[in-house]
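User: Please take a close look at one part of this model: the place where its two domains meet. I would like one connected account, with the overall fold as background.

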Amino acid sequence: MSMQDTASSGVALWRLVADGIERGIADGRFAAGDRLPGEMEIAETYRVNRHTVRRALAALAERGIVRAERGSGTYVEAQKLAYPLRSRTRFSEIVGAGGREPHGRMIETSEDVATRELARELGLKTGAPLVRIEAIRLADRAPICVSTTWLSAEHFPGAGTVFAATRSMTKMLEHYGIRDYRRGATRITAGIVDATDAARLDLPLGRPILVVDATDLDLEGKPLVTKHSRFAAERVEFLVEP
């Protein structure tokens with residue numbers, strides 16, 4: 001059925017274009033995070049004018065299916081990841097439960113020293129040697145968060161090397177004999193992504209982020225690690241659970 005036939009049957013042309021693009025997303029031609037073809041290309045594909053294409057894209061954007069980036073194009077919006085915050089929070093388990101593939105990699109590791117605040121969170125003395133790990137976590141191909149983790153260099157010597165090999169905080173702790181741990185305290189604030197994290201999270205400058213500061217404890221309540229994580233707000237939905 002041609003565009004002219006469908007238009008004469010009462011279906012608006014912009015709706016046909018929107019439905020066609022949505023089918024392309026559903027059947028995998030356009031994956032989450034992909035940039036859609038330009039307005040001119042879409043117009044030629046559907047034999048419509050650019051105004052019709054803009055209307056179709058605007059309708060999809062209103063429904064949260066795509067997003068327009070000024071000066072860059074229109075992208076397929078990823079479905080938000082339901083991310084429970086609870087006493088036992090594990091990134092890989094959360095992502096896997098959502099039917100997506102978890103990935104993680106270390107960006108860098110370095111030596112650090114405990115500030116007064118970090119010392120309080122980790123139960124150490126101010127100035128104690130720390131290992132600092134900067135890492136990124138992804139669900140499928142979509143970057144979800146960048147995290148900075150600190151832990152005692154005395155208790156976890158070579159932690160950066162272990163994390164680089166395992167790409168998992170849980171597996172890294174297992175290397176040191178920690179079989180289980182729980183979340184101690186969590187603080188959530190809103191922020192705006194800076195240039196460094198924008199590049200890492202594949203976000204435009206000025207996009208909102210959710211900042212999570214948390215400390216994990218062993219089963220006896222002793223602090224293990226403290227984290228400062230920056231989540232892409234458009235890709236996650238926090239669920240606070242007891």
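Analyst: The C-alpha centres of domain 1 and domain 2 lie 35 Å apart. This is a predicted model, and side-chain atom pairs count only at pLDDT 80 or more. The domain assignment places domain 1 at residues 13–76 and domain 2 at residues 81–240.

Now the contact itself. Domain 1 gives 6 residues to it, and domain 2 gives 5. Together the two domains bury about 350 Å². Carbon and sulfur atoms account for 27% of that area.

Next, the charged and polar pairs. The rule finds 2 salt bridges across the interface of domain 1 and domain 2. The side chains of R207 and E69 form a salt bridge, with N to O at 3.0 Å. That distance falls within the 4 Å cut-off for a salt bridge. E69 falls in the range of domain 1, 13–76, and R207 in that of domain 2, 81–240. Polar contact across the interface comes to 1 residue pair, with both residues at pLDDT 80 or more. On the side of domain 1 that touches domain 2, 3 residues are nonpolar and 3 are charged. No polar residues appear on that side.

For the background, take the whole chain. Its secondary structure comes to 9 helices and 10 strands. The radius of gyration is 23 Å, well over the 18 Å that the globule rule gives for 242 residues, so the chain is more spread out than a compact globule. Along the principal axes, the C-alpha atoms fill a box of roughly 75 × 30 × 30 Å.

Salt bridges can also be counted over the whole model. By the rule there are 22. One pair to inspect is R54 with E39, whose closest N and O atoms are 3.1 Å apart. R54 sits in helix α4 (residues 50–62) and E39 in helix α3 (residues 39–46), so this salt bridge ties together parts that are 15 residues apart in sequence. Both residues fall in the range of domain 1, 13–76.

Back to the junction, in brief. The two domains bury about 350 Å² between them, and the rule finds 2 salt bridges across their interface.

Key: Residues are numbered from 1 along each chain as its sequence is written. This is a predicted model: local features need pLDDT of at least 70, side-chain atom pairs count only at pLDDT 80 or more; totals for chains, interfaces and linings use all residues. Side-chain values use heavy atoms; hydrogens and water are left out. Domain bounds come from an automatic or database domain assignment. Contact means heavy atoms within 4.5 Å. Buried area is the accessible area (1.4 Å probe) that two parts lose on being put together, summed over both. A polar contact is a pair of N or O atoms within 3.5 Å; within protein, one must be able to donate a hydrogen and the other to accept it, and residues adjacent in sequence count only if both atoms are side-chain atoms. Ala, Val, Leu, Ile, Met, Phe, Trp, Tyr, Cys and Pro count as nonpolar, Asp, Glu, Lys and Arg as charged, and the others, Gly among them, as polar. Helices (H or I, at least four residues) and strands (E, at least two) are DSSP runs, numbered from the N terminus. The radius of gyration is taken over C-alpha atoms; the globule rule is 2.2 Å times the number of residues to the power 0.38.
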